[in-house]
Amino acid sequence: MKEKDKPIKIGVAGLGTVGVGVVKILAAHGDLLAARGGARLELVAVSARDRNRDRGVDLSALAWCDNPVDLAARDDVDVVVELIGGSDGPALALARETLKRGKSFVTANKALIAHHGKELATLAEEKGASLRFEAAVAGGIPIIKSLREGLAANAITGVHGILNGTCNYILTRMEREGLPFGEVLADAQRIGYAEADPSFDIDGIDTAHKTAILASLAFGTEPDMGNLAIEGIRTIAPVDIDYAAELGFRIKLLGVARQMEAGVETRVYPALVPLAAPLAQVMGGTNAVVVHADFVGRTVYEGAGAGEGPTASAVVADLVDVARGCGGPTFGIPAGSLKTAKAIPADAHEGTYYIRLRVEDRPGVMADITAALGREGVSIQSLLQRGQAAGGGVYVVLTTHKTNEAAIKATLKRFTGLDCVLESPTMLRIEEV
Ligand SMILES: NC(=O)C1=CN([C@@H]2O[C@H](COP(=O)(O)OP(=O)(O)OC[C@H]3O[C@@H](n4cnc5c(N)ncnc54)[C@H](O)[C@@H]3O)[C@@H](O)[C@H]2O)C=CC1
Ligand SMILES: N[C@@H](CC=O)C(=O)O
Ligand code: NA
């Protein structure tokens, strides 16, 4: 056997949805992966919480480690795959221990990379090891590879993504079936999309982890959760989904990273996307990313962003890259050159907005509303009034022309102070991507 043909011996920590998927692909595609990677990918050791659980895969020939960190020290393990989750705890300990030993580390853990990406990339690059995390963003879509390699010739100007399968699945079923939020979330958990703590999904934190990673690859900044403004989908009401449709939009939770004059803006929020835009067509657990770059223009990536098969597909692709000896800096430029991300004030955001108000149904109300907008210099693009809101009064829904977020916030404050306004206004951004 040539040196190159020596098997790559793998230890996997975490045998849940993704871990079991990885075991299945390695078993199903042994020859294919060996042909593509130039060496056989051989699973030799595993670690999980419960040794006796039946996972529907044969683990009998594998070494078992009660402590996942022990995988790193094993002489028979060349590469460690971490599929436990969590930004700290055993995942971080295992990453540090593996890379310190100069062994390559593959993970699907976006929380780990978003919080400790620079430290781990520095360690990997010092030790000549690979740190790979294709599965961490948009599951099976090769978006990390696309940004790091395929778009390397371009200056990137913006990245917009539907990056959380759970939220997109919930919004899709709320729209299609009129189901309540909680019922659909339970289904997303059953399918295996949701995080161990599903509030990470619905409060936008998971999307924020992924956005921080994409921003780093796109703009050469270190992954930084501190500068990310995060909003989730808890406040999205069925009525907003309906009004958005009437106005020609669909509501999507977006991760946004874009180059502004003052620096890179990174945010997560639910936004109205025009029905004809590629992101509006993305339904269910599917993810999609739109990248704008100077020479190539717009590129669009779509596919399964969560679940056993798609996520494991990305993990195993990283293992094939490790087998091939594909190197290069983790985030596309050396870790030491990653710039510190600057905080861009949310108020600087320029865009168009959707506002829904529940107001008294009496003469003079519209005049009060338009006066409040006028005082802040906000111009109306469209306005509709619909009878009988739940809880009394009527809904007034409007969209604005381009304005800045400071003006919108000041307008919302004025609305809240009006006697005719019966509850806190709902505001959503509109994204023409
Ligand atoms: N499920 C999905 O669709 C996707 C998941 N991911 C990420 O992949 C990772 C794994 O996710 P899932 O497979 O869904 O999680 P899971 O909850 O199904 O599995 C986690 C596994 O880790 C094991 N584990 C937990 N604590 C441990 C410890 N201290 N020592 C050893 N093993 C331990 C558990 O026993 C279990 O086998 C997470 O970082 C997640 O964010 C990324 C993309 C998609
Ligand atoms: N919980 C995540 C899993 C993939 O990253 C999601 O729902 O997208
Ligand atoms: Na991916």
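Biologist: Where does alanine 138 lie in the chain's layout?

Modeller: Bear in mind that this is a predicted model. Alanine 138 has 33 C-beta neighbours inside 10 Å, and 20 or more is the mark for buried, so alanine 138 counts as buried. As for its place, alanine 138 is in the loop between S6 and helix H6 (143-150).

Biologist: What is the sign of phi at alanine 138, positive or negative?

Modeller: Most residues other than glycine have a negative phi. Alanine 138 isn't a glycine, yet its phi is near 60°, so you'd put this one down as a departure from that habit. The sign is positive.

Biologist: Which helix holds lysine 210, the residue with the UniProt record?

Modeller: UniProt's unreviewed entry puts the feature "active site" at Lys210. Alanine 138 comes up again here, since lysine 210 touches Ala138, and its other contacts away in sequence include Lys110, Ala136 and Val137. The helix that holds lysine 210 is H10 (residues 205-219).

Biologist: Is lysine 210 buried or exposed?

Modeller: The count to look at is C-beta atoms inside 10 Å, and lysine 210 has 27 of them. A residue needs 20 or more to be called buried, so lysine 210 is buried.

Biologist: Which helix is lysine 110 in?

Modeller: Lys110 is covered by the "binding site" annotation in the unreviewed UniProt entry. Setting aside its neighbours within four places in sequence, lysine 110 has contacts that include Asp206, His209 and Lys210. With 29 other C-beta atoms within 10 Å, lysine 110 is buried. Its helix is H5 (residues 110-127).

Biologist: Between which helices does glutamate 195 sit?

Modeller: Glu195 is also covered by a "binding site" annotation in the unreviewed UniProt entry. Beyond four places in sequence, glutamate 195 is in contact with Phe200, Asp201 and Asp206. Its 20 C-beta neighbours inside 10 Å count as buried, because the cut-off is 20 or more. Glutamate 195 sits in the loop between helix H8 (181-191) and helix H9 (199-202).

Biologist: How many charged residues are in the shell around ligand 2?

Modeller: Glu195 turns up here too: the residues around ligand 2 include Glu195, Asp201 and Asp206, along with Gly139, Asn164 and Tyr193. Sorted by class, that shell has 3 nonpolar and 5 polar residues, and its charged residues number 3.

Biologist: Which helix gives the most to the shell around ligand 1?

Modeller: There are 26 residues around ligand 1, and Gly14, Gly16, Arg49, Gly85 and Ala306 come nearest. By class they split into 13 nonpolar, 11 polar and 2 charged. The helix that gives the most does so with 3 residues, and that is H1 (residues 17-28).

Biologist: Which strands stand at the edges of the open sheet?

Modeller: The sheet has 6 strands with parallel pairing, in the order S3-S2-S1-S4-S5-S6. An edge strand has a single partner, so one side of it is left without a neighbour in the sheet. The two that fit are S3 (63-64) and S6 (131-132).

Biologist: What is the bridge partner of phenylalanine 105 in S6?

Modeller: Strand S5 (residues 104-107) runs parallel to S6, and 2 bridges join them. Within that pairing, the partner of phenylalanine 105 is leucine 131.

Biologist: How many residues of strand S1 are buried?

Modeller: S1 (residues 8-13) has a partner on either side in the strand order. S1 and S2 (residues 41-47) pair over 6 bridges, while S1 and S4 (residues 79-82) pair over 4. Glycine 11 stands opposite valine 80 in S4. S1 is mostly covered, and of its 6 residues the buried ones number 5.

Biologist: How many residues does the hairpin between S11 and S12 run through?

Modeller: Strands S11 (residues 286-293) and S12 (residues 297-304) run antiparallel, joined by 8 bridges. One of the pairs is valine 289 with tyrosine 301. The hairpin that joins S11 to S12 goes through 3 residues.

Biologist: Which residues of the largest nonpolar core touch the most other members?

Modeller: In soluble globular proteins, nonpolar side chains tend to be buried together. Here the largest core has 137 residues. Take valine 315: its contacts beyond four places in sequence include Val18, Val106 and Ala135. The ones that touch the most other members are Val12, Val22, Val81, Val315, Val316 and Leu319.

Terms used. Residues numbered from 1 in each chain as written. Chains lettered and ligands numbered in written order. Predicted model: local features only at pLDDT ≥ 70, side-chain atom pairs only at ≥ 80, totals over all residues. Pairing = 2+ DSSP bridges. UniProt positions renumbered as here; feature names shortened; annotations may be inferred. Buried ≥ 20, exposed ≤ 12 C-beta atoms within 10 Å, placed from the backbone. Contact = placed C-beta atoms within 7 Å. Near = placed C-beta within 6 Å. Nonpolar A, V, L, I, M, F, W, Y, C, P; charged D, E, K, R; others polar. Core = buried A, V, L, I, M, F, W, Y, C linked by C-beta atoms within 7 Å.
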